[in-house]
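Q: Please take me slowly through one part of this model, the place where charged side chains meet, and then show me how the aromatic rings are arranged around it. I am new to this, so a careful account would help.

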Amino acid sequence: MTDTGTVRTIVGIVGNVISFLLFLSPIPTFVRIIKDKAVKDFKSDPYVATLLNCAMWVFYGLPFITRDNTLVITINGIGFVIECIYVAIFFVFSPGKKKTRIIIELLIEVIFMVIVILITVFAFHTMKTRALFIGILCIIFNVFMYSSPLTVMRMVIKTKSVKYMPFYLSLANFSNGVVWVIYGLLDFDINLVLPNGLGALSGLIQLILYGIYCRSTKSDDANDVSGNRSAVELSST
């Protein structure tokens, strides 16, 4: 009979695959930026924020913080690299003021991360207290990350159009949340269950809205989604 550890590993691998695809979802946006050689109205904030979010989850998964969370480290480590590439592209094609803002934001994140590491190492001396401290911070970050689609959902309700809320992206967000909730429940890690539970709920609401408003969306709007949609960044776990 398959043990819980094996099942958790399989679920974690599935979660890694889905999260990886989500990290790649903004690629059309960056292809457009490179092609136009300008960021135009696109904003770097979601990518800079996701960069810090990934760093926090990598730190959370380290052996002296929590046990048996290698798959949390792998996907967020990969996500960190991908987000670095996105931010670098933004930096290259941004005007002077936007470049300065990106540099300031990155410096603030580095300082914040250093402070978090120092507090964790020197103020907390057990894995339980360290996991609690980092876990609370990760949950707070994830709540903010998962709040970003609220703007899109409000737009859907207001315009009665799913133009800027692609079905497959919403489905992937929902699936991603569900898979990581299961992963967290198998070892009952509330720091994984809570934020990803919110992510699954957010994805479910998006799917419900899609079902309600997809028929009222004009066909030309639906075909134009890939070229105009906002990049929605959700943390992997």
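A: Helices (H or I, at least four residues) and strands (E, at least two) are DSSP runs, numbered from the N terminus. The model is predicted, so local features need pLDDT of at least 70 and side-chain atom pairs pLDDT 80 or more, while totals for chains, interfaces and linings use all residues. Residues are numbered from 1 along each chain as its sequence is written, and side-chain values use heavy atoms, leaving out hydrogens and water.

It helps to begin with the whole chain. It holds 11 helices and zero strands, so that, when the sequence is read from start to end, the pattern is α-α-α-α-α-α-α-α-α-α-α. Of the 237 residues in the chain, 43% are buried (under 20% relative accessible area; exposed is over 50%, partly exposed in between, with a 1.4 Å probe and protein chains only).

Now to the charged side chains. A search of the whole structure finds three salt bridges (a side-chain nitrogen of Lys or Arg within 4 Å of a carboxyl oxygen of Asp or Glu). A good place to look closely is Arg-101, whose side chain meets that of Asp-45 in one of these bridges, with 3.0 Å from N to O. Because Asp-45 belongs to helix α3 and Arg-101 to helix α5, this pair ties together parts of the chain that are 56 residues apart in sequence.

The side chain of Arg-101 also forms a salt bridge with that of Glu-105, and here the distance from N to O is 3.1 Å. In this case both partners, Arg-101 and Glu-105, lie in helix α5, and they are four residues apart, which is about one turn of the helix. Through the shared partner, the salt bridges join Asp-45, Arg-101 and Glu-105 into one network.

Which of these three residues are buried, and which are partly exposed? Asp-45 has 27% relative accessibility, so it counts as partly exposed, and Arg-101, with a relative accessible area of 49%, is partly exposed as well. Glu-105, on the other hand, has a relative accessible area of 17% and is therefore buried.

The remaining bridge to look at is formed by the side chains of Asp-36 and Lys-40, which meet at 3.3 Å from N to O. Its acidic partner, Asp-36, has 33% relative accessibility and so counts as partly exposed.

Helix α3, which supplies Asp-45 to the network, also carries aromatic residues, and this leads on to the rings. Over residues 46–65 the chain is 80% helix and 0% strand, and the C-alpha atoms at the two ends are 27 Å apart. Within helix α3 (residues 45–61), Trp-57 and Tyr-60 are three residues apart, about one turn of the helix.

The whole structure contains 12 aromatic pairs (rings of Phe, Tyr and Trp, its six-membered ring, with centres within 6.5 Å; planes under 30 degrees apart count as stacked, over 60 as edge-to-face and the rest as tilted). One of them is formed by Phe-30 and Phe-90, which are edge-to-face, with 5.6 Å from centre to centre and 80 degrees between the planes. This pair links distant parts of the chain, since Phe-30 is in helix α2 (residues 27–36) and Phe-90 is in helix α4 (residues 70–92), and the two are 60 residues apart. Both Phe-30 and Phe-90 are buried.

Trp-57 and Tyr-60 make another such pair: the ring centres are 5.3 Å apart and the planes stand at 80 degrees, so this pair too is edge-to-face. With a relative accessible area of 0%, Trp-57 is buried, and Tyr-60, with a relative accessible area of 1%, is buried also.

The rings of Phe-30 and Phe-90 take part in a wider group as well, for Phe-30, Tyr-47, Tyr-86 and Phe-90 form one aromatic cluster.

Further along the chain, residues 165–186 can be described in the manner used above for residues 46–65: this stretch is 91% helix and 0% strand, and its end C-alpha atoms lie 31 Å apart.

To return to the part you asked about, the picture to keep in mind is of Arg-101, partly exposed, in one network with Asp-45 and Glu-105, where the bridge to Asp-45 ties helix α5 to helix α3 and the bridge to Glu-105 stays within helix α5.
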